[in-house]
Every structure is written in C-alpha cells, then in structure tokens.
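Colleague: I have a model here and would like a close look at its core and the helices that pack around it. Please take me through that part, then through any odd backbone spots.

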Amino acid sequence: MRTLVLIACVQLLSPAAILADDGAGSDDAPVLRSAIYPAEKDGNRLCVARGTVQHFFFVPGNPSERTIDPFRFVLTVPEGVRVIQATGDAVEAYYRPELIGRKRERRDGRWYVRWEWEADRALSGRSLEKARFFNAWCGAMIAGEAVADGQHPFFWRIEADELSEPEREGTLVIMPRPKGRQPREIAIAMSGWTISPSPPFWRRLMRTYRDCGINTVDSGIVTKGDEWLRPAMDAGMERWRLLWWFWWNENHLQEHPEHAAVTFGGERDQRRVCPEIMASPDTDAIAGLMDGILPGARSGAIQGTWWDLEGPNVWDVCFCERCLRAFREFADIPAEVELTPQRIKAEYHDQWVKYCCGQSARIAERMKSYAREQGVDWDLAVYCAIQHDHTREHYRVDWEMLAPHLDLATVSYYSVNISDLEKRYTSGVTWMVDLIQSVKDIPVWATISTGYGRDSHYIADGRVTRMHLIKPVAFGANGVIQWWWGPVDGRHYHAYAEASLLIAELEPFFTDGEMDQELLSGEPREGTTRVAWRLGDRVLVMLFNDRDERRIYARPTVPNGSRLERDDGRGRLKLEGQELSASVEPLDCRWVILRLGGE
C-alpha cells in the first residue's frame, strides 16, 4: 500500500563500487563508509530551520567480514550549529553513542566544531546500501544565532583506532524560523513510528511541532511517563498510539494451541490467533492486546489507538475448521460441498474476500466492546489504503464494513507525482470522505508521506508537501497525518507552518460550512483545481495551481451578485461581475472570500 518513489535522490554506492574506490575490502583491509539520511536523498543537503531541532540518521557501513569495535561517528559542522543526542532507549535498534570530544577547528578561513561520538556497539560486516535507517545513530542539530542563514559545508566520517573512511562532505542549509499556527479542530498530525527519543530531543521536537502548526502526535512514548507526556501536553498535542498488529498473541496460543490460525497450506501459525477467536466475545484472546493499550487511555495519556491494518492477505490465513464453518454459513454453501482453501479461491473468491473483511470489522468491534467492558473511554482509528479490490484482498479492509466500529478513519494518499494533485487529492479525497461518512459520521484524515526507509521516495520540494497538507482539507478531510517523522527537514517544517496558517485562517469554513462546488461554473483551466465552501452568505473560493512549471491565471465564474470581502493579497486578482481572475504561482494556492448579494 505504501507506494515508494524516489525523487531528487543520490544513488548509494554498491559494495563493488566502494571497493573500487577505496581499495580491497578484505579481513585485512576493511573499508568503512557512511551516509547521512535524509541528506543523502538530496545531494547530501540537509536543511535546518532555526527554532527547530533537526534530526538526522548517521548510517555506518562496513562491506567486509571483519567486525569493527570500537568505532566513532565524527561530524564537523559550522560553529554555531549544536549537535545533540537524539536517541533514547525506547527502541533498541539505534546506536546510542557517547560524546567523547568536541573541538574547534579552522577550515578555509571559517570556524567549525568537530564532534566525536563513540559507538556503544560494534559494527559488523554489512554493505552500506543494505543498512537501514534504524541501523544508524539518530542525532540532531540546532542552528544558533552565530551561524548565518544560507549554505554551509559540513563533513562526516566514521573511524576506528587504525581505520577511517575518506571524509564525506555535504551542505547544511540554514533556513529562517518557521511560524505556524495550530488549528483548533482540524488535525495536522505527525506519526512517530520508530521514534526513540532522548528527553532533550523530545522536548525540543514537541516545541518544533507546535511552532510549525502541528497539533497531534502519534507515539507510544507519551504513555511512558510524565517526562514524555508533559512536553506533548504543553505543546498542545492531541495524542494517539500506533498499533501494528496482525492477530499476534503468543501467550494466548501457549494456553490455547487449538486457537492458532491455519495457513493456506494447512500449517498452524506459531504466532497468530484465529481471527474468529479474536473477534469472539466469548474468549479473552483480545485481552492480551488491549490490556497493553487501555492504561494509557485510562490515564489520559492517549486519546486512542491508530491501528495500521494492512493484512494479513486473505489467502495467507486463516483456514482452520472454525473459519471454514463460519464461512460456509456466511456464504450459504451446502454441507455436502467440501471446502478447501484451493476450492474457495477458485470458486468462492469474492465471498471469501468479503468474509475476511467482515472478520476485520468484527475484530474492531470486539476491541471497542472490550474497552467499554473495562470502563475506558478509548477511540479506535484505522489506517489503510483507499477503498479498492486490492485493499480488500491484500489488507482485509472494506471501509464500508469497518466504519461502523471506528471513531476515526485515516486513509492513505501517498504520492509524490504532481499529476496526482489534480485528482487523487481532490475528487479522490472527497469520494473517500463521502463514502465513509455515509456509513458513520466520523472524522476522516488523509495520510500523507515524504517517504520512509532509505530506499523510499523523498519529497525534496517543500511546495509539494504544503499542497499535500492543504488539498485534503480543502476537499473535505477533517485532518492530515504524516506517516513517519524521519525524512522531515527544514523545508518540510516551513511547508507545515505555511499550510497550518492557511488552514487555521479558513478553519470555520471547513468545520462549520459546507462544500458546494456548484457555486463555481465554467471549466477549470488546465493544470488547476478549485473548490468552494459556503458558510451562511459567505463563500470561500480556493484556487490551486497543480503544476510546477509556471504561474497560471485561474478564472472561475462565481455566483451573480458576489462581492469581494477578503483575499489573501498574494498576487494579481480581480472580480468583474461573475468573472473572478487570480494569478496562482506554481504548486500554490490562492483564496478569496466572497459575500453573496441579491440577484
């Protein structure tokens, strides 16, 4: 479901290329290489906005068979840029090096500071291209007043006592301070998937989010004590906790091995419980999951749980006798018909897919009922792809079946293709919002992404991120959530700040008004989209330039007798009779508010 596309990226060297560049990579002559993520995705450029804390992943590689221990992360940055330890103990995968040295040095007439951090574990043999972001050290930078805005070289390498990689060079771009505004009701959310923060980093990150207009954070960190919860609360964050779970409950299976799920091939799953057991109110199988979630909701640390529901595939599991009996009844299949996984796939494909999606819905219902039984006010959100046959078959999600049991739906709109701004983020968002809210009146958020993983796509253009934030809200979503915090740099923080100012300014139309596209007539100009919201006798018109090449003049026809009440003042605009004309810069949005008059 997570479509991963790379733009503006730098291809990592293969082990063969590394050896050709630096000599033989044998036990006797190991080779060290490293990368700074996400800078590697953009020509080794990292944008740091003032007033923010900017994380980075320092990824070490060792394409030899020799284990290197000890080794050091060495980072040389312009004087005035502070480097802090961003990694805490929540996730074990990351390195947690100790600062062992900090020294001023002069290069090309400029002062720098060399920071040395000793790794807390060895570096075993692995190629750099196969190292993941969580095989790295996560540090962070803070731009002080002593460093000027603009571009500055920075340098890094990993080294051991008798071994060092050639020094690498990148560019730090110091940007002005972003100034956003948190909306009151519309969610601008950030997912903290994989985050393992140190307390100083977490405190600064919450302030960064607040100042950029982010008002919601998804992270189980907030359930781990007041030093984590308080910074989020002080920053005005609504709080959720991510759940990535495919019916796992190994403790339950130890007591009830007969409840194990059965694969398509007839094998008992060693980890998964049968979904019929999970959904049943007559078993306590769901307790093993929920008892780890509800204390945070009971204490007020979290509002609810964001379930990343992406499977298992309907043809993976479960084909136990219990599920086959339930399916026979569901599909009204005569008793004399023998049911096997192969026969079901060949003859009852659609009925089985629908049955499996129903299991997901009943599991969600069981989760909600268990929380009520425990007397806990707890919200359940589900994240998955848009309504589609692929979503049903591969992720076991049919939104119409699932929505009655949810408090929030978060639908995926991953994309970096600018062409998708015209449909995927307009009519596509409106269609999904209408579909879900026709079943149950719950909030619907669009899930966006700048990518995740070092082999993923990466949006280098902050204007695209800004459009990804604004357009879903403009076309009916009740919020936007960014999947994974990892690739966000200063450009994205500025995009968040700019988008939050616009959303907060126009929020009454989105929360109390009604979208009414019939207020605008005439065909949109090529490369533009538009939307209208009505609130009483006032109309908000938003005009989008969905292209990145040139400025476009958007010219919608507005209701007769409209009077211009307000506009964003960001370019040429005029209203003559029913003809509105506004210049819109590439990948940008203009807005006006009209007052409706008499005929």
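Modeller: What follows covers the core, two helix pairs and the backbone exceptions. Bear in mind that this is a predicted model.

Start with the core. The largest nonpolar core has 154 residues. Trp 245, Met 367, Trp 399 and Met 542 have the most contacts inside it. Helix α10, residues 349-373, gives the most to this core, with 11 residues.

Now take Met 542. Set aside its neighbours within four places in sequence, and look at what else is in contact with it. Ile 470, Ala 474, Leu 502, Leu 506 and Phe 510 are among the partners of Met 542. So are Thr 529, Arg 530 and Val 531. Cys 589, Arg 590 and Trp 591 complete the list for Met 542. Two arginines and a threonine thus appear among the contacts of this methionine.

There is also a second, separate core, of 30 residues. Ala 39, Phe 71, Leu 75 and Trp 117 are included in that second core.

Back to α10, and to a helix that packs on it. Helix α8 spans residues 321-331. The axes of α8 and α10 are 10 Å apart, and the packing angle is about 115°. Angles from 65 to 115 degrees count as roughly perpendicular, so α8 and α10 are roughly perpendicular to each other. Their crossing is right-handed. On the α8 side, the contact uses Cys 323, Ala 326, Phe 327, Phe 330 and Ala 331. On the α10 side, Gln 351, Trp 352, Lys 354, Tyr 355 and Gln 359 meet them. By class, this contact has seven nonpolar residues, two polar and one charged.

The other helix pair is α2 with α3. Helix α2 covers residues 199-211, and helix α3 covers residues 226-234. Their axes come within 8 Å and cross at roughly 15°. Angles under 35 degrees count as roughly parallel, so α2 is roughly parallel to α3. The crossing of α2 and α3 is right-handed. Pro 199, Trp 202, Arg 203 and Met 206 are the α2 residues in this contact. They meet Glu 227, Trp 228, Pro 231 and Ala 232 of α3. The residues of the α2 and α3 contact divide into six nonpolar, two charged and no polar.

Next, the backbone. Most residues other than glycine have a negative phi, and most peptide bonds are trans. Four places here are worth checking against that.

Two concern the peptide bond. Tyr 37 and Pro 38 are joined by a cis peptide bond, with omega about 10°. Pro 38 sits in the loop between β1 (33-37) and β2 (45-49). The peptide bond from Val 317 to Cys 318 is also cis, with omega near 10°. Cys 318 lies in the loop between β17 (304-308) and α8. That leads back to the helix packed on α10.

Two concern phi. Thr 194 has a positive phi, near 70°, and is not a glycine. Thr 194 is in the loop between β12 (187-191) and α2. Buried means under 20% relative accessible area, so Thr 194, at 17%, counts as buried. Leu 587 has a positive phi of about 50°, again without being a glycine. The loop between β28 (579-584) and β29 (588-595) holds Leu 587. Leu 587 is buried too, with a relative accessible area of 0%.

Terms used:
Residues are numbered from 1 along each chain as its sequence is written. This is a predicted model: local features need pLDDT of at least 70, side-chain atom pairs count only at pLDDT 80 or more; totals for chains, interfaces and linings use all residues. Side-chain values use heavy atoms; hydrogens and water are left out. Axes are lines fitted to C-alpha atoms, for helices over the stretch in contact, and angles run from 0 to 180 degrees between N-to-C directions. Helices (H or I, at least four residues) and strands (E, at least two) are DSSP runs, numbered from the N terminus. Angles under 35 degrees count as roughly parallel, over 145 as roughly antiparallel, 65 to 115 as roughly perpendicular and the rest as oblique. A crossing is left-handed if the near helix is turned anticlockwise from the far one by less than a right angle, and right-handed if clockwise. Contact means heavy atoms within 4.5 Å. Ala, Val, Leu, Ile, Met, Phe, Trp, Tyr, Cys and Pro count as nonpolar, Asp, Glu, Lys and Arg as charged, and the others, Gly among them, as polar. A nonpolar core is a set of buried Ala, Val, Leu, Ile, Met, Phe, Trp, Tyr and Cys residues joined through side-chain atoms within 4.5 Å. Buried means under 20% relative accessible area, exposed over 50%, partly exposed in between (1.4 Å probe, protein chains only).
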